[in-house]
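This report describes one protein structure. Please consult the sequence and the coordinates alongside the text.

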Amino acid sequence: MSVELIGTECGYVDQNYFSRTFKKVEECSPSKFRRNWMSNNGKV
């Protein structure tokens, strides 16, 4: 699932706004969060 689709599913129309908001909350980009999660939890 793409970051854009995740943002849309969460109600964000603007992917850039979703990415900025995500980074403020999680302290890393959505892409980096995904890479870290996949390395710790295996592939989805």
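The sections below treat the overall architecture, the aromatic residues, the cysteines and the backbone.

## Overall architecture

The structure is a predicted model. The protein contains 3 helices and 0 strands, and its elements follow the order α-α-α from the N terminus. Measured out along the principal axes, the C-alpha trace of the protein extends over about 30 × 20 × 10 Å.

Of the 44 residues in the protein, 14% are buried. The exposed area of the protein amounts to about 3800 Å², of which carbon and sulfur atoms contribute 51%. As for charge, the protein carries 7 positive and 5 negative side chains, and a distance of 9 Å separates the centres of the two sets.

## Aromatic residues

Across the whole structure, the search identifies 4 aromatic pairs. In one of them, the ring centres of Phe18 and Phe22 are 5.9 Å apart and the ring planes meet at 50°. The pair is classed as tilted because this angle falls neither under 30 degrees, as stacking would require, nor over 60, as an edge-to-face arrangement would require. Both Phe18 and Phe22 belong to helix H2 (residues 15-26), where a separation of 4 residues corresponds to about one turn of the helix. An α-helix has 3.6 residues a turn, so residues three or four places apart point the same way.

Ring pairs join Tyr12, Tyr17, Phe18, Phe22 and Phe33 into a cluster. Within this cluster, Phe18 is buried, because its relative accessibility of 7% is under the 20% cut-off. Tyr17, also located in helix H2, has a relative accessible area of 45% and is therefore partly exposed. Between the C-alpha atoms of Tyr17 and Asn36 there is a distance of 21 Å, with the two residues 19 apart along the chain.

## Cysteines

How many disulfides does the search of the whole structure find? The search finds 0 disulfides. Cys10 takes part in none, and the nearest cysteine sulfur, which belongs to Cys28, lies 15 Å away. Seen from Cys28, the closest cysteine sulfur is that of Cys10, and the 15 Å between them is too far for a bond, because a disulfide requires the sulfur atoms to be within 2.5 Å.

The surroundings of the two cysteines can also be described. Cys10 is exposed, since its relative accessible area of 51% is over the 50% limit. Cys28 is buried, with a relative accessibility of 11%.

## Backbone and helix geometry

Helix H3 (residues 30-41) comprises 12 residues and covers 16 Å from its first C-alpha to its last, which is close to the 16 Å expected at 1.5 Å a residue. After H3 comes Gly42, with a positive phi near 85°.

A positive phi also occurs at Glu27, a residue other than glycine, where the angle is near 65°. Most residues other than glycine have a negative phi. Glu27 is situated in the loop between H2 and H3. Is Glu27 buried or exposed? Its relative accessibility of 71% places Glu27 among the exposed residues, because that value is over 50%.

Definitions and conventions: Residues are numbered from 1 along each chain as its sequence is written. This is a predicted model: local features need pLDDT of at least 70, side-chain atom pairs count only at pLDDT 80 or more; totals for chains, interfaces and linings use all residues. Side-chain values use heavy atoms; hydrogens and water are left out. Helices (H or I, at least four residues) and strands (E, at least two) are DSSP runs, numbered from the N terminus. Buried means under 20% relative accessible area, exposed over 50%, partly exposed in between (1.4 Å probe, protein chains only). Accessible areas come from the Shrake-Rupley method with a 1.4 Å probe; for residues, only the protein chains shown count as cover. Lys and Arg count as positive and Asp and Glu as negative; His and the chain ends are not counted. The place of a charge is taken as NZ of Lys, CZ of Arg, CG of Asp or CD of Glu. Rings of Phe, Tyr and Trp (its six-membered ring) pair if their centres lie within 6.5 Å; planes under 30 degrees apart count as stacked, over 60 as edge-to-face and the rest as tilted. The expected span of a helix is 1.5 Å times one less than its number of residues.
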